[in-house]
Amino acid sequence: MDIYELPTNDEILFALGEAPLGEGAEATVYKIHTHPKYTIRISNQLNKNDAFNYIKESELHLQKNVFGHRNFAQTVAYFWHPEDTMEFGPKITINYYCPGFSYEIYKPGRPVPDSEEALIKTKLMSEKILEIPDKAIDTIYDDLHFISAKEYSIDVGGGLFTNTGNILFSALDQRLFIIDLQPFLEKGRQGTNPLNTKGFNTPLFLTRGLMPGMERYKNEHAKDPYLINLRTEILDKVISGAERNNLNDEGGYLAGSLDKMAQYWKVQFSILNTPEKYQENMLKRLMSIKDVQKYHHPKEINIPYMRISGKSIYS
Ligand SMILES: Nc1ncnc2c1ncn2[C@@H]1O[C@H](COP(=O)(O)OP(=O)(O)O)[C@@H](O)[C@H]1O
Ligand SMILES: [Mg+2]
């Protein structure tokens, strides 16, 4: 790619005056309507006036692409300000635009829905997840194999936190897109598995990216019988995908054998109130999945990737 194919600074400033596509904990994303292949991703630390100066005082650099033709809404170029540091990264990047919408019940920057409205949304979004064709589930598993080989991870959160904001479904293309990728954490950092080869790219965490409304209202909504049914079906859909695509939970950030990973699944089942009669069978299926490495893992992948990181003045 050539830097001249990218939007000009004026186009970027124009885009920042429009309504954002979405907002996360780290950044807000705007579509560049005059250059529709791209978005502008801007750190939440910058307000609009800061952005104007930041762009004026920075130099634009191209990001080397390691993802071929695949679209993960990855950075294609970044601004670099004299005060930026490698530790904190840039504050504005240009990224690929991904079509689609995310299954969040609550979107940052928007009003928080009350419990009743949230339950309606959670049910609707869960029904929508169940309408996703299996082919799209296969594509996302293929992406998980692919990004693991590149040493990048989906960002759906560790612990029991869930983030449906980083997977988009394009109803027109009938496919899912992973966005907001991050390079693997340094091996063993923050107590992660020193033999990590998958980051969060495993069925357990994919479930959290495809399970709407699991975090907020987790106790209030978990007893709704209709929602329990939907969620049990979502679990079955994700597990079937893992079986078809030979991806198990071993070797991610969480260390341990499949047996040990079963403990995490049990916790997840209990949060979701998955009927016990299904739990055993699901666990058995998960424990029988054999990994098949689909993509070659290149040795020379140490290419720095510039993204707006959560590391900031808050940390
Ligand atoms: N390329 C994109 N195309 C469409 N929407 C996007 C794109 N990138 C981000 N978004 C929207 O903006 C939200 C925040 O972007 P994201 O990159 O996930 O930032 P954060 O790291 O702060 O979570 C996403 O959850 C999504 O709704
Ligand atoms: Mg995000």
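Does K266 count as buried, exposed or partly exposed, and how many C-beta neighbours lie inside 10 Å? This is a predicted model, and the answer comes with the first close-up.

**View 1. K266 on helix α8.** Here we zoom in on K266, a residue of helix α8. K266 has 13 C-beta neighbours inside 10 Å, so this lysine counts as partly exposed; a buried residue would need 20 or more, and an exposed one would have 12 or fewer. Keep E280 in the frame too: K266 and E280 sit 14 residues apart in sequence, and their C-alpha atoms are 9.5 Å apart in space.

**View 2. The six-stranded open sheet, β1-β2-β3-β6-β5-β4.** Read across the sheet in that order and you'll find antiparallel pairing. At the edges are β1 (22-23) and β4 (59-62), each of which pairs on one side only. For the middle of the order, look at β3 (residues 38-43) and β6 (residues 92-96): five bridges join these antiparallel strands. A handy landmark on that seam is T39, with N95 of β6 standing opposite.

**View 3. Two hairpins in a row, β1-β2 and β2-β3.** Start with β1 and β2 (residues 27-31), an antiparallel pair held over two bridges. Three residues separate β1 and β2 in their hairpin, and E23 faces T28 of β2. Now move along to β2 and β3, where the antiparallel pairing runs over five bridges. The β2-β3 hairpin has six residues between its strands. T28 turns up again here, standing opposite I42 in β3.

**View 4. Helix α2 lying across the sheet.** Helix α2 (residues 48-57) lies across three strands, namely β3, β5 (75-80) and β6. Which angle does the helix make with β6? About 85°.

**View 5. The three-stranded open sheet, β7-β9-β10.** This is another open sheet with antiparallel pairing. β7 (101-102) and β10 are at its edges with a single partner strand each, so one side of each has no neighbour in the sheet. The β7-β9 pairing is antiparallel and spans two bridges. To find your bearings, look for S102, which stands opposite L168 in β9.

**View 6. Inside the largest nonpolar core.** This core contains 45 residues, and those with the most contacts inside it are L168, L176, F177, I178, I179, L210 and I234. Elements giving two or more residues to the core include the helices α3 (115-131), α4 (134-149), α5 (203-209) and α8 (258-272). The strands β9 (167-170) and β10 (175-178) are also among them, as is α7 (225-245). Who touches I234 once neighbours within four places in sequence are left aside, and which residues are they? They are S126, I129, L130, L210 and M211. A second, separate core has 18 residues, including I12, Y38, I42 and M306.

**View 7. Helices α7 and α9 side by side.** What do you need to describe a packed pair of helices? The angle and the distance between their axes do the job. For α7 and α9 (residues 276-287), the axes come within 10 Å and cross at roughly 20°. That angle is under the 35 degrees cut-off, and α7 and α9 are therefore roughly parallel to each other. The crossing is left-handed. On the α7 side, the contact is made by T232, L235, I239 and E243, and on the α9 side by Y278, M282, R285 and L286.

Definitions and conventions: Residues numbered from 1 in each chain as written. Chains lettered and ligands numbered in written order. Predicted model: local features only at pLDDT ≥ 70, side-chain atom pairs only at ≥ 80, totals over all residues. Pairing = 2+ DSSP bridges. Helix = DSSP H or I, 4+ residues; strand = E, 2+ residues; numbered from the N terminus. Contact = placed C-beta atoms within 7 Å. Axes fitted to C-alpha atoms, helices over the stretch in contact; angles between N-to-C directions. Core = buried A, V, L, I, M, F, W, Y, C linked by C-beta atoms within 7 Å. Parallel < 35°, antiparallel > 145°, perpendicular 65-115°, else oblique. Left-handed = near helix turned anticlockwise from the far one by under 90°.
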